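Thanks for coming. I have one model to go through, and I will start with its internal space and then move to the sheet and a few residues.

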Amino acid sequence: MGEFWPVPDVLAHLAGRWRTERKVRDLASGDTGRFTGTTLFESVAGGGLRGHESGVFTWRGVSRPAERTLRYEPGAAPGTADVRFADGRPFHALDLTSGRHVADHPCAADLYRGEFTVRDADHWRTVWRVAGPAKDLLLTTEYTREPGETP
């Protein structure tokens, strides 16, 4: 199949529990951090998924609980999704039908550019490059399907 693994239906593929490991690097200061936890993609009424990430984030030697929730709604094209923040604000589109997708999200004067790649049925990755006057970050997240979870 080549370098990427095509996903015909992103919502069906993401459903379930994933082990989540994120490396964060501040490109300006050189500081690094790490998030370890899980992301649970659960079906919601009306279609789509609620993606809830929870775990521990360690930054500059200090560890603390961390969590976030995103909504994944059916996209305009079959098999795609529109990703929204928990409060409903738009975040980005997600189309993994080729196994790879690039999305931009402007946030004030900063730009978030995300690359999503799927390696196989049980592994996918996001790489967000955040650049602008307020941030200069690289966030790389590896997702591994939890044992017993099926696509």
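There is 1 cavity of 30 Å³ or more in this structure, and the model is a predicted one. The largest cavity holds about 60 Å³ of space. Which residues line it? They are Thr39, Phe41, Gly51, His52, Glu53, Arg68, Leu70, Tyr72 and Tyr143. Strand S2, residues 32-43, together with S3 and S4, make up the elements that contribute two or more residues each to that lining. Sorted by class, the lining of the largest cavity has 4 nonpolar, 3 polar and 2 charged residues.

Next, the open space. The largest pocket contains about 590 Å³. Its lining consists of 28 residues, and those nearest the pocket centre are Arg22, Glu53, Arg68, Tyr112 and Leu139. Glu53 and Arg68 are also among the residues that line the largest cavity. Which strand gives the largest share of the pocket lining? That is strand S4, residues 62-74, with 5 residues. The classes in the pocket lining are 19 nonpolar, 4 polar and 5 charged.

Now the sheet. As a general point, the strands of a sheet pair through backbone hydrogen bonds, in either a parallel or an antiparallel way. Here we have an open sheet of 10 strands with antiparallel pairing, and the order reads S6-S5-S4-S3-S2-S1-S10-S9-S8-S7. Why are S6 and S7 each left with one side lacking a neighbour in the sheet? Strand S6, residues 90-94, and S7 stand at the edges and have a single partner strand each, so there is no neighbouring strand on the other side. On average, neighbouring strands of this sheet are turned by 20 degrees against each other, with direction ignored.

One pair in that order deserves a closer look. Strand S1, residues 16-26, and strand S10, residues 136-145, are paired in the antiparallel sense over 9 bridges. Within this part of the sheet, Arg19 has Thr144 of S10 as its bridge partner.

Staying with strand S1, I come to Thr20, which lies in that strand. Is Thr20 buried or exposed? Thr20 is buried, because its relative accessible area is 0%, and the cut-off for buried is under 20%. Leaving out residues up to four places away in sequence, Thr20 touches Phe35, Thr36, Gly37, Thr38, Thr39, Glu53, Thr141, Glu142 and Tyr143. Of these contacts, Thr39, Glu53 and Tyr143 also appear in the lining of the largest cavity. Thr20 and Thr126 are 106 residues apart along the chain, and their C-alpha atoms are separated by 11 Å.

Last, two backbone angles. Most residues other than glycine have a negative phi. Arg60 has a phi near 55 degrees, which is positive, and Arg60 is not a glycine. Where is Arg60? Arg60 sits in the loop between strand S3, residues 49-59, and S4. With a relative accessible area of 58%, Arg60 is exposed.

Ala108 also has a positive phi, near 55 degrees, in a residue other than glycine. Ala108 belongs to the loop between strand S7, residues 100-107, and strand S8, residues 110-120. Ala108 counts as exposed because its relative accessibility is 83%, where the cut-off for exposed is over 50%.

That is what I have. Questions are welcome.

Note on methods: Residues numbered from 1 in each chain as written. Predicted model: local features only at pLDDT ≥ 70, side-chain atom pairs only at ≥ 80, totals over all residues. Heavy atoms only, no water. 1 Å grid on protein atoms, 1.4 Å probe; cavity = no way out; pocket = protein on both sides within 12 Å on 5 of 7 lines; lining within 4 Å. Points joined across faces, edges and corners; volume = space filled by probe spheres on them. Helix = DSSP H or I, 4+ residues; strand = E, 2+ residues; numbered from the N terminus. Nonpolar A, V, L, I, M, F, W, Y, C, P; charged D, E, K, R; others polar. Buried < 20%, exposed > 50% of the residue type's maximum accessible area, 1.4 Å probe, protein only. Pairing = 2+ DSSP bridges. Axes fitted to C-alpha atoms, helices over the stretch in contact; angles between N-to-C directions. Contact = heavy atoms within 4.5 Å.
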